[in-house]
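Visitor: I would like to know how the labels used for a protein structure are justified. Could you take me through some of them?

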Amino acid sequence: MVKCQKIKEILSVMENASLDVDDFDANQEGNIQISQEGFQKMCELLLNKVKNTLNAALHNSNFNSNQINKVLHVGGGSRMPMIKELLRNMFPEAEHCIEEHPDEVVAIGAAYYAYSLPSDS
């Protein structure tokens, strides 16, 4: 899983990555080359789920995508070019706020939320 995570991270900044088959099966040798485009094709169903979730949220909130003026990219997945492209296509008129460390933004948001919860003591 760690190796696959690393491949995803590499493909977020480079066009190609490779996976050493030997790392998974000592009886096999070789490398598997993976391109950003190939990775995006592998993730197509997941991208559609993200898009459907965003469309449902817009529908449930009675907003249209052109009414959204700011999109905050948070979480590790927001580093992925395909996610950035999806969000820019869905919200073309919005300002897209992309943090250098999107994972930290999630942690900070969770800390603020936890702080706002009433305590039982």
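Guide: Start with a definition: a residue is buried under 20% relative accessible area, exposed over 50%, and partly exposed in between. Keep in mind that this is a predicted model.

Visitor: Why is Asp103 called partly exposed?

Guide: Asp103 has a relative accessibility of 40%. Partly exposed covers the values between 20% and 50%, so Asp103 belongs there.

Visitor: What makes the contact of Arg79 with Asp103 a salt bridge?

Guide: The closest N and O atoms of Arg79 and Asp103 are 3.2 Å apart. The cut-off is within 4 Å, from a side-chain nitrogen of Lys or Arg to a carboxyl oxygen of Asp or Glu, so the pair qualifies. This pair links distant parts of the chain: Arg79 is in the loop between β3 and α4, Asp103 is in helix α5 (residues 102-116), and they are 24 residues apart. Arg79 is partly exposed, because its relative accessible area is 32%.

Visitor: How many salt bridges does the structure hold?

Guide: It holds three salt bridges. Another one joins Glu95 and Lys70, with the closest N and O atoms 4.0 Å apart. That pair also links distant parts of the chain, with Glu95 in strand β4 (residues 95-98) and Lys70 in strand β3, 25 residues apart. At 44% relative accessibility, Glu95 is partly exposed.

Visitor: Which side chain does Glu37 meet in a salt bridge?

Guide: The partner of Glu37 is Lys41, at 3.7 Å from N to O. Both residues lie in helix α2, four residues apart, which is about one turn of the helix. An α-helix has 3.6 residues a turn, so residues three or four places apart point the same way. Glu37 and Lys41 are both exposed.

Visitor: How do you know that the length of helix α3 agrees with its number of residues?

Guide: Helix α3 (residues 44-60) has 17 residues, and at 1.5 Å a residue they should span 24 Å. The C-alpha atoms at its ends are 24 Å apart, so the two values agree.

Visitor: What is found just after α3?

Guide: Asn62 follows there, with a positive phi of about 60°, although Asn62 is not a glycine. Asn62 is in the loop between α3 and β3. Its relative accessible area is 66%, and the limit for exposed is over 50%, so Asn62 is exposed.

Visitor: Why is Asn89 called exposed?

Guide: Asn89 has a relative accessible area of 57%, which is over 50%, so the label fits. Asn89 lies in helix α4.

Visitor: Which residues make the nonpolar surface patch?

Guide: Leu72, Val74 and Val106 make the patch, which covers about 230 Å². Val74 lies in the loop between β3 (70-73) and α4 (81-90). At 36% relative accessibility, Val74 is over the 30% needed for a patch, and Val74 counts as partly exposed.

Visitor: Where does the lining of the largest pocket come from?

Guide: Its lining residues include Cys4, Leu19, Phe39, Met42 and Leu46. The elements that give two or more residues to this lining are α1 (2-11) and α2 (36-42). The largest share, four residues, comes from α1.

Visitor: How much space lies in the largest pocket?

Guide: About 170 Å³ of space lies in the largest pocket.

Notes: Residues are numbered from 1 along each chain as its sequence is written. This is a predicted model: local features need pLDDT of at least 70, side-chain atom pairs count only at pLDDT 80 or more; totals for chains, interfaces and linings use all residues. Side-chain values use heavy atoms; hydrogens and water are left out. Patches are made of residues with over 30% relative accessible area and no salt bridge: like charges are joined within 9 Å, nonpolar side chains (Val, Leu, Ile, Met, Phe, Trp, Tyr) within 5 Å. Accessible areas come from the Shrake-Rupley method with a 1.4 Å probe; for residues, only the protein chains shown count as cover. Buried means under 20% relative accessible area, exposed over 50%, partly exposed in between (1.4 Å probe, protein chains only). The expected span of a helix is 1.5 Å times one less than its number of residues. On a 1 Å grid over the protein atoms alone, a cavity is a set of points where a 1.4 Å probe fits but cannot get out, and a pocket is an open set with protein on both sides within 12 Å along at least five of seven lines; lining residues have an atom within 4 Å of a point. Grid points are joined across faces, edges and corners, and a volume is the space filled by probe spheres set on the points.
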